[in-house]
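Trainee: I'd like to learn how to read side chains, helix faces and chain interfaces from a model. Could we work through one together?
Mentor: Gladly; let's bring it up on screen.

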Amino acid sequence: MGDVVTMDDLSDDEIISILDEAERLIPVAKGEVYAPLLEGKVLANMFFENSTRTRMSFEAAMKRLGGSVLNFSSVGTSIAKGETLYDTMKMIEGYADIAAIRHPRQGAAQYSADAVEIPILNAGDGAGNHPTQTMLDLFTIRQAHRKFEGLNVVLVGDLRYGRTVHSLSHALVRLGARLTLVSPEVLSMPEEIASDLRVKGGEVTEVETLYDQLEDADVVYMTRIQKERFPDEEEYNRVAGVYRITAADLNGSKKGMILMHPLPRVDEIDSSVDSTAAATYFEQAFNGVPTRMALLCRGLGVNIPEKVK
Amino acid sequence: MTEMRRVTAIKNGTVIDHIPSGHALQVIRMLKIDVASATPVSLVMNVPSDKLGRKDVLKIEDRELSQEELDRLALISPEASIAIIRNYAVAEKMMVELADYLENIASCSFTNCITMNDREPLPQRLIVVSKDPIEVRCYYCGKGQEMEDLIENLL
């Protein structure tokens, strides 16, 4: 089965081989080479919640490989009429060969994978998992450092509700990176995940202040702190202001350090950072295309040739 | 038992002993024993026990519970011991065992889980991550479940 619901659906070897394949697909993702590996195949983009980057990069990935896309949005559809997720997925199974699903409810991707035979790629379920984002994040980290073992990856911001960091932290621990988790206590990593990371033997440090961590970091991964998570605005302002990076803050950081962000950013990363060597977030957004290409091919059982031309 | 028997011996049926004190009614619910049916059910609560301090005991007449039914018990009563009685004698002794997967035993307590919509037709599924101490998570959303919530959410 080609489902990817959580990172546990991929072995370490599979992760690495998907990253290798994604690398080979870069010219296709850029539109320099046309490789219709998925010609005649149909992807259903099932977005029960808004998304810009994830939905568009899935669409770009499918189209660059010669496939086509059905876009579903829950606004004004049968969902508004009270259709169950089960029924919606059963219906779409008749129209498409593979589906990417984003849903506000946690567990929706696993539920869909159980409901239908076609492969399901989890594109974010509630505050749960977002493994295709993790794959593109891993791709970005490997592009910069060529390894994971021993890297110090600093994850910053909303670690409680930010689903991207949940999947990513699992994967990084498996691949041998060290994690430094920086968050206010109210937004710290959920206990199930923290306990899993420890059980897997992860070297994990939890702290509340960011600036001491910048010097020793190989990767700084910022996330957006969501205002609605806070009981009052004063508390939000206090926390949000603490995790804000400007170009000047990066003066003492290691050569080769990369600054990542799943986007959209609000003001966690000042625009002065954009012109520094560390700024990697726009490349990261592009990397969604080749990694999702590789995941779509895996899901559909299509081999990616050693030389893509 | 040195003191006087609180409930008389049964001729045929099932005795469930060593239920944690105060949980006998949940066990009845969990085993889906129809209390309105004709089967006599005797229930003893909060009696002294060497093993548990205090315990509950259930005697269900004229019904032999299957291993599968008993496995449901394991969630709230992993220490329970079961005797199948035939003609006043213990014919079989059984232990409960907590399975790795629990299907339609209890529902997930997480308010944002996909299974919260009770019109969704797939079964409730829980994974037993650890048996000692018992740690249970929702198969779909992955959220850890508190024992009190599981008991509250028994199906």
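Trainee: Which backbone oxygen lies 2.7 Å from a polar atom of the side chain of Thr140(A)?
Mentor: Keep in mind that this is a predicted model. For a polar side chain, start by looking for a polar partner. Here the partner is the backbone oxygen of Leu136(A), 2.7 Å from a polar atom of the Thr140(A) side chain. Thr140(A) belongs to helix α6 of chain A.

Trainee: Is Thr140(A) buried or exposed?
Mentor: Relative accessible area is the value to read, and buried means under 20%. Thr140(A) has 1%, so it is buried. Beyond four places in sequence, its contacts are Ile258(A), Met260(A), Thr280(A), Gln284(A) and Asn287(A).

Trainee: And what does Thr132(A) contact, leaving aside its neighbours within four places in sequence?
Mentor: Thr132(A) also sits in α6, which spans residues 131-145 of chain A. Its relative accessibility is 1%, so Thr132(A) counts as buried. The residues it contacts are Phe58(A), Leu121(A), Asn122(A), Arg292(A) and Leu295(A).

Trainee: Let's move to a whole helix. Which residues of α4 in chain A are buried?
Mentor: List them, then look down the axis. In α4, residues 85-93, the buried ones are Leu85(A), Thr88(A), Met89(A), Ile92(A) and Glu93(A). Viewed down the axis of α4(A), they fall within an arc of 140°, so they line one face of the helix.

Trainee: What covers the buried residues of α4(A)?
Mentor: Among the covering elements of chain A are the strands β1 (42-47), β2 (68-73), β3 (98-103) and β4 (120-125). Helix α5 (108-115) is also part of the cover.

Trainee: Now the interface. How much area is buried between chain B and chain A?
Mentor: The size of an interface is often given as the accessible area lost when the parts come together. For chain B and chain A that area is about 1600 Å², with carbon and sulfur atoms giving 49% of it. Chain B brings 19 residues to the contact and chain A brings 18.

Trainee: How many salt bridges are found across the interface of chain B and chain A?
Mentor: Two are found. You can locate a salt bridge between the side chains of Arg125(B) and Asp114(A), at 2.6 Å from N to O. There are also 15 residue pairs in polar contact across this interface, counting pairs with both residues at pLDDT 80 or more. On the side of chain B that touches chain A, the residues divide into nine nonpolar, five polar and five charged.

Conventions:
Residues are numbered from 1 along each chain as its sequence is written. Chains are lettered from A and ligands numbered from 1 in the order in which they are written. This is a predicted model: local features need pLDDT of at least 70, side-chain atom pairs count only at pLDDT 80 or more; totals for chains, interfaces and linings use all residues. Side-chain values use heavy atoms; hydrogens and water are left out. Buried means under 20% relative accessible area, exposed over 50%, partly exposed in between (1.4 Å probe, protein chains only). Helices (H or I, at least four residues) and strands (E, at least two) are DSSP runs, numbered from the N terminus. The arc is that of the directions from the helix axis to the C-beta atoms. Contact means heavy atoms within 4.5 Å. Buried area is the accessible area (1.4 Å probe) that two parts lose on being put together, summed over both. A salt bridge is a side-chain nitrogen of Lys or Arg within 4 Å of a carboxyl oxygen of Asp or Glu. A polar contact is a pair of N or O atoms within 3.5 Å; within protein, one must be able to donate a hydrogen and the other to accept it, and residues adjacent in sequence count only if both atoms are side-chain atoms. Ala, Val, Leu, Ile, Met, Phe, Trp, Tyr, Cys and Pro count as nonpolar, Asp, Glu, Lys and Arg as charged, and the others, Gly among them, as polar.
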